[in-house]
Amino acid sequence: MKRNFFFLLFLTLFSGSVYAQCTVDVFINGIKSGQYKLNDGQQDGGISYKKSVYKGMDKLSIQLSGKSVDGPYFRKVEVMGDDEKPMFIASETIGAAGQFILTDKAVLKRLAKGKPIKLIVEKTPSNTKSMEAIRKIYIGTISTSK
């Protein structure tokens, strides 16, 4: 009986770790204000706040962690609006792996108006001789709740 229980527990833990997952912590004005998780390949999801939260915002940053964004890569976060091209590109903060500061006037104005932003991380291999292609991974949408 104990053996079956431990086997079931092992199987549950193993199956949960098979799916690559990305955890995104959102910081508004330097204070952690939310967290959401996305599975690898997921194309929707994110977090929303009331419009009044965005009006008093001076600083917006995110912290990424998880298997889908780890590894020896140079990472950038592209902040997308309505267009195909990014409205702002944030490089990874030096000394803080997975942290990106998204404070840009255009981004803050867009959120204050109630329009969503879509976040995409671009992973470039740190080894210049690598044959691995640059990957872009959707990491969520920050929007306004009604």
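Trainee: Of the 146 residues in the chain, what share counts as buried?

Mentor: Keep in mind that we're looking at a predicted model. A residue has to fall under 20% relative accessible area to be called buried. Among the chain's 146 residues, the share that does so is 35%.

Trainee: And what pattern do the helices and strands follow along the sequence?

Mentor: The chain has 3 helices and 9 strands to place. Going along the sequence, they come in the order α-β-β-β-α-β-β-β-β-α-β-β.

Trainee: Which elements do the buried residues of H3 pack against?

Mentor: Start with the helix itself, residues 105-112, where Val107, Leu108, Arg110, Leu111 and Ala112 are buried. Those buried residues of H3 pack against one helix and several strands: H2 (51-55), E4 (60-66), E5 (73-80), E6 (86-91), E8 (117-125) and E9 (135-144).

Trainee: What about lysine 113, is it buried or exposed?

Mentor: Lysine 113 sits in the loop between H3 and E8. The cut-off for exposed is over 50% relative accessible area. Lysine 113 has 58% relative accessibility, so it counts as exposed.

Trainee: Which residues form the positive surface patch?

Mentor: We've just met one of them, lysine 113, in the loop between H3 and E8. The full set for the positive patch is Lys105, Lys109, Lys113 and Lys115.

Trainee: Last one: which glycine with a positive phi follows H3?

Mentor: H3 covers residues 105-112. The phi to look for is near 95 degrees, and the residue that has it is glycine 114.

Definitions and conventions: Residues numbered from 1 in each chain as written. Predicted model: local features only at pLDDT ≥ 70, side-chain atom pairs only at ≥ 80, totals over all residues. Heavy atoms only, no water. Buried < 20%, exposed > 50% of the residue type's maximum accessible area, 1.4 Å probe, protein only. Helix = DSSP H or I, 4+ residues; strand = E, 2+ residues; numbered from the N terminus. Contact = heavy atoms within 4.5 Å. Patch = residues over 30% accessible without salt bridge, like charges linked within 9 Å, V, L, I, M, F, W, Y side chains within 5 Å. Areas by Shrake-Rupley, 256 points an atom, 1.4 Å probe, with all protein chains shown as cover. Salt bridge = Lys/Arg side-chain N within 4 Å of Asp/Glu carboxyl O. Lys, Arg positive; Asp, Glu negative; His and termini not counted. Charge placed at Lys NZ, Arg CZ, Asp CG, Glu CD.
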